[in-house]
Structure formats: C-alpha cells, structure tokens
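Here is a short set of questions and answers for a reader who is new to this structure. Each answer sets a value against the rule behind a word.

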Amino acid sequence: MKELSNLLKGITFAAILLFSSCFPLEPEFVSDFDAVFTEISDPDFDFNNPAINTYYLADTVIVLTDPGTSNTDLEIDLRLVLDRVRSNMNQAGYTEISDSNLAIQADYLVLVSVNRSDNYFSTWWGGWGGWGGWGGWGWGGCCFFPPQVSTSNIRTAAIIVELLDGKALPQQNEVIPEVWYGVGSGLFRGSNTNLTNRTLGAIDQMFVQSPYLTR
Amino acid sequence: MKKILVFLAIITFSISVNAQTNRIKVPNFRVNNFRVNYDVAVPFGNMSNDFINKMSWRGVSIENRWSVKPQISVGFLLGWQVFAQRFDNYTQDLNNGNAAIYGNQIRTINTFPIQGTVHYTFVKNLDILPWVGMGIGTAHSNQVLQVGFYEVQKKFMSFSITPQAGIDLPVNKVTAISFSTRYNFFLHSNQPFNYSFMVFSVGIKNMYF
C-alpha cells in the first residue's frame, strides 16, 4: 500500500515536470520574431487592370521613431532599401518614372517608411504580493521588501512599403487612397549586416507573397 | 502415515493456490476504481490537414469508474492534451487571399476534455479485463497561432464524443496496468475545423482502499 502511494506520488511529480508548460514551443531565435504581412487595403481595386504599368518611387525613406528619441540611427543604408523596392517593382513588370515632374502620370506611387520603437517593461521581484514578471509564471512575491524592480527594453523595427493609386492623385488636397501595403517587422537586434539582410529579405518576401502585383 | 502427509500437502498446496488466484481475481475489478493515464495522441482529419499533424507526447487524464452492474461501469474523465508544431518560413493566406503573413509559425493546441463515461467488460472471471466504452461531454480548447509579434488565439468549447477500448492487466491485489485507445471527436460549429485525434494511453488503475 505504502509503495503504491509512493508510486502515485512519483507519477504526480513526474507529471508536473512533464506538463509544466502549456506552450512547449516558443519563439527562440531573433528570426522567430520576424514576420512579413501584406494586405490589399482597397478590395475593390483592380490589380489586373492592364492600364497599370508605371510607378513613381518616392526618393526618401520616411523614418518613424518614438517621440523624444534622440538617437534615430537605423544602422541600415536606406539607399539599399529603396534600390531593393525598385528592383522588385521592375521585376514585377512595372516601368519606373524617375522624373519627379512626371510623377503625376504614374499609375502607382510607392512610399517606403521605416519604424523603430522601444517597448519598455518592468519586472518585479519580491514585494507584497506583486505580479511576478513579464509573460509567464513568476515568483509570487512573498518574501522580501522592498521589491526589486528591473526595467528592460525590447526594441522592435518595421519596414513599410505602400502602393498608392496614382490615378487618384490629380484630385488635389485629398487623401490619396492606398491600395496595397506590406509590413516587415522584427526585433531590432543583430549586426548591421544582419539587420540589412533581414530588411531586404522582407521586401523581397512582400512581393513573393503578393503574386497579384506581377504584370 | 506417509499417505496422510502427502494428502495433507496436496490439500494445503491446492488451498494456497486457490487463495492465490482468488486474490488476483477479486480485485480486478469490476468494482469502483480510479485511473491515472499518460496519453499520446495522433491528429487526424482536418485537424491534421489544416493545423497540426505532429504527434503529441504531452497528455494526461484521470478517470473514475463506479460499477453499476457486474459488467457495466459509469464514470468520468478529465484530460489534458497539448499539441504543438513549428512551421518555418511559412506563408499563411488570410482573408480569402486579400492578405498574407509570412514567418516562422508556432501553432499550439491545449485541449481539456471533460466527459461522462460508460464502460462494458466482456468477461466476468478472467484476470485480464478487456473493455469497450464511450465518453460524451465537452472539451475546452485554447488554440494559438503565433507568427512574429502577431498571435491569433481562439478559446472555445466543443461537444466531445469518444469511443474507446482497452485492456487491464493485474499487477497485484489493488493495482492494474491499463492499456487503452480513445478516438476523440471534438465538434464545434463556429470554427473552421473540428478536432479529431487518436489517443493511446497507458495508465495505472487502482481500486479504492
């Protein structure tokens, strides 16, 4: 009888170890947080319209950072980003209009922006009954006071490519309707080369997963 | 005198053998018992085609059975099964092809069946006890699809129906090892696919002291 109850205790203990996680697979690597999202923002827009042939690529990448951030260095050569968008548009079968005076004739206006943002969070240890941490089981906070607080930052970044309907441009002072956009997002972490490669790869992937853009 | 001794020896031996068999037979057990099972599961059908086709090595269930007739018992089952699978560099179409997301996907299902059960044993007087049964009840599921920073989580209840069969092998007076298999159908009307998976379980069956 006693052996049996010991056996049952052992099984319970093993089960707790074995099943301590409801989510056995979690993102492990920086690349696990990379994602490329594309969406047709105007479902009524006809991407197959044969009249669409040309595009104008805005010559500046818009840099979006958190307000009050002094360090806006994105560590990526933004010319490479523009070049990669251009080569993808050319490969998709469009002709670039590079003269800004003729931009009004383009069928698509292409805007590229990059974003970097800081996500601060705090972790408490100890204290009276505090919640124990970010995204998981923590220490229930029983035993010492004052609590130890540590603050960490997860820095994330995104590249956004937008296609605007150039035919709607002549209507002045109106919002130009966006017909398609792609967002590549991920952790802002890694060497310069690594960041650049992931950014350029995300641009390629936007076009790969949007076959309706190809002429 | 010698004949009598032999006679006594034979009688004693046969009594002890008889006692031995009774001792094994009696507890195995169409009487009240509880079970703790370790479960592995294989997804089938749309669940396998559309979401996760990898075998799950994480599952546990507890059961209680009360005998109501010599060969029939009723009881309940509480279970937990965890499915998880990675899909690297996967493009997921969304919104009828109007949108798509690419990245390393992690898909997870935690599902908790809560069922009433009824079981029937084929034999009355064997040590080895084969049985068939049926579980009917609900299941609570938590289904998560994760790509990059994005996560789609669905929590829902399903109707669950589970035909099952197994065999109990006695170990001693109060304990048996149970091998069983259950086919789970978790049906939920408002989700794109139902769950169906085959559970293979090995468990310890114990009678009440």
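Q: What makes strand E5 (residues 129-147) of chain B and strand E6 (residues 150-170) of chain B count as a pair, and in which sense do they run?
A: The model is a predicted one. Two strands pair if DSSP finds at least two bridges between them. E5(B) and E6(B) have 19 bridges, and they pair in the antiparallel sense, so the rule is met. One of the bridges joins B:Asn142 to its partner B:Lys155 in E6(B).

Q: What lies between E5(B) and E6(B)?
A: The two strands form a hairpin with two residues between them. In this hairpin B:Gly148 has a positive phi, near 55 degrees.

Q: How do you know that E6(B) also pairs with strand E7 (residues 175-187) of chain B?
A: DSSP must find at least two bridges, and E6(B) shares 10 bridges with E7(B), in the antiparallel sense. These strands therefore count as paired under the rule of at least two bridges. B:Phe159 stands opposite B:Leu187 in E7(B). Four residues make up the hairpin connection from E6(B) to E7(B).

Q: Which strands pair between chain A and chain B?
A: Strand E1 (residues 35-40) of chain A is joined to E4(B) by five bridges, and the two run antiparallel. In E4(B), B:Gly103 is the bridge partner of A:Ala35.

Q: How many residues does each chain give to the contact?
A: Chain A gives 26 residues and chain B gives 26 residues. On the side of chain B that touches chain A, strand E2 (58-69), strand E3 (72-94) and strand E4 (99-121) of chain B each give two or more. E4(B) gives the most, nine residues. By class, this side of chain B has 16 nonpolar, eight polar and two charged residues.

Q: How does the span of helix H2 (residues 78-91) of chain A stand against the expected one?
A: H2(A) has 14 residues and reaches 20 Å from its first C-alpha to its last, close to the 20 Å expected at 1.5 Å a residue.

Q: Why are the buried residues of H2(A) said to be on the same side?
A: The buried residues are A:Val81, A:Arg84, A:Val85, A:Asn88 and A:Met89. They cover an arc of only 135 degrees around the axis, which puts them on the same side of H2(A). On the other side, A:Arg79, A:Asn90 and A:Gln91 are exposed.

Q: Which residue with a positive phi follows H2(A)?
A: A:Gly93 follows H2(A), with a phi near 105 degrees.

Note on methods:
Residues numbered from 1 in each chain as written. Chains lettered and ligands numbered in written order. Predicted model: local features only at pLDDT ≥ 70, side-chain atom pairs only at ≥ 80, totals over all residues. Contact = placed C-beta atoms within 7 Å. Nonpolar A, V, L, I, M, F, W, Y, C, P; charged D, E, K, R; others polar. Expected span 1.5 Å × (residues − 1). Buried ≥ 20, exposed ≤ 12 C-beta atoms within 10 Å, placed from the backbone. Arc of directions from axis to C-beta.
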